Amino acid sequence: MPEELEVDTDRVRETIAEPPAGALLRNIALTTARLAAFGAIAALRAGGTVNEALVLKTEASRLQAEASDQWAFYQAKGIKANVQETSRAVWLAAGKTVPPGIEQSIQRYKTEQEEIDKAAREKERQRDDRSKEADRLLELHHHFANSVALIQVSIALGAVAALTRNRMIWIGSMALGLTGAGLFAATLIR
């Protein structure tokens, strides 16, 4: 009987258990490229939300300045009404008839103050709306930025995995990248 063929089973197991190093590097490269593309999208979204928030905060500041102008105008009308009331008091103290123009001026200033009050309060309401929306966008920005950071760290781990040809580091890289992608998707759905 011929001698049995000897098969190196250890070598066969290693070959079956682990793909060749080239396949591992290719898979790491593909994963890292996908993460880089996804990270770029997340970074754009993070930058976009912070830009929108800054525009809204700037608009809220402008509206605050306009409201302040309205309140200054309101005070000026009040001062003019007080001057007219003082003038009326002087006429009355002198025992004379108050000229009709003074009473009309006092009434006009009071009416104008009411209109100015409404305009100022509307500016303040708009300011508050813009500021709240900006705050909401800034919160989204922070979530997007966190997803970008996780994706960037996963890309760095992918590079380490490629250099060391360590499958566990690559799996950790993918897990971290998926966490970052999940955070991005959850924030986008919000």
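Contact here means heavy atoms within 4.5 Å. On that basis, in this predicted model, residues 24 or more positions apart account for 81% of the contacts in the protein chain with a separation of 6 or more. The chain holds four helices and zero strands, and along the sequence its pattern reads α-α-α-α. Of its 190 residues, 25% are buried. The accessible surface comes to about 12600 Å², and carbon and sulfur atoms hold 60% of that surface.

Helix α3 covers residues 100–164. With 65 residues, α3 reaches 95 Å from its first C-alpha to its last, close to the 96 Å expected at 1.5 Å a residue. Arg165 follows α3 and lies in the loop that leads from α3 to α4. The phi of Arg165 is near 55°, a positive value in a residue other than glycine. Most residues other than glycine have a negative phi. Arg165 counts as partly exposed because its relative accessibility is 47%, a value between the 20% limit for buried and the 50% limit for exposed.

The loop between α2 and α3 contains Pro99, which counts as partly exposed at 27% relative accessibility. Pro99 and Arg88 are eleven residues apart along the chain, and their C-alpha atoms are separated by 8.1 Å. A second pair to look at is Gln104 and Gln84, which are 20 residues apart in sequence and 9.5 Å apart in space, C-alpha to C-alpha. Gln104 belongs to helix α3 and is exposed, with a relative accessible area of 56%.

The nonpolar interior comes next. In soluble globular proteins, nonpolar side chains tend to be buried together. The largest nonpolar core in this model has ten residues: Ala42, Ala46, Ala53, Leu56, Ala134, Leu137, Leu140, Phe144, Val148 and Phe184. Helices α2 and α3 each supply at least two residues of this core, and α3 gives the most, with five. Leu56, one of the core residues, touches Arg130, Glu133, Ala134 and Leu137 when residues up to four places away in sequence are not counted. Among those partners, Ala134 and Leu137 are themselves members of the core.

The aromatic residues can be followed from here. There are three aromatic pairs in the structure. In one of them, the rings of Phe38 and Phe184 have centres 5.2 Å apart and planes at 80°, so the pair is edge-to-face, the cut-off for that class being over 60 degrees. Phe38 lies in helix α2 (residues 21–93) and Phe184 in helix α4 (residues 167–189), so the pair ties together parts that are 146 residues apart in sequence. The two partners fall into separate accessibility classes: Phe38 is partly exposed, with a relative accessible area of 28%, whereas Phe184 counts as buried at 5%. Another pair is formed by Trp71 and Tyr74, whose ring centres are 5.4 Å apart and whose planes lie at 80°, so this pair is also edge-to-face. Trp71 and Tyr74 are both in helix α2, three residues apart, about one turn of the helix. An α-helix has 3.6 residues a turn, so residues three or four places apart point the same way. Trp71 is partly exposed at a relative accessible area of 21%, and Tyr74 is partly exposed at 27%.

Phe38 and Phe184 also belong to a wider grouping, since together with Phe144 they form one aromatic cluster. Phe144 and Phe184 appear in the nonpolar core described above as well. Elsewhere, an aromatic ring is paired with a charge: the charged end of Arg108 sits over the ring of Tyr109, 4.7 Å from its centre.

The last stop is Ser173 in helix α4. Ser173 is buried, with a relative accessible area of 1%. Leaving aside neighbours within four places in sequence, Ser173 is in contact with Leu35, Ser154, Leu157 and Gly158. Of these, Leu35 falls within the range of α2, residues 21–93, while Ser154, Leu157 and Gly158 fall within the range of α3, residues 100–164.

How values were computed: Residues are numbered from 1 along each chain as its sequence is written. This is a predicted model: local features need pLDDT of at least 70, side-chain atom pairs count only at pLDDT 80 or more; totals for chains, interfaces and linings use all residues. Side-chain values use heavy atoms; hydrogens and water are left out. Rings of Phe, Tyr and Trp (its six-membered ring) pair if their centres lie within 6.5 Å; planes under 30 degrees apart count as stacked, over 60 as edge-to-face and the rest as tilted. Buried means under 20% relative accessible area, exposed over 50%, partly exposed in between (1.4 Å probe, protein chains only). A charge sits over a ring if NZ of Lys or CZ of Arg is within 6 Å of the ring centre and within 35 degrees of the ring normal. Accessible areas come from the Shrake-Rupley method with a 1.4 Å probe; for residues, only the protein chains shown count as cover. The expected span of a helix is 1.5 Å times one less than its number of residues. A nonpolar core is a set of buried Ala, Val, Leu, Ile, Met, Phe, Trp, Tyr and Cys residues joined through side-chain atoms within 4.5 Å.
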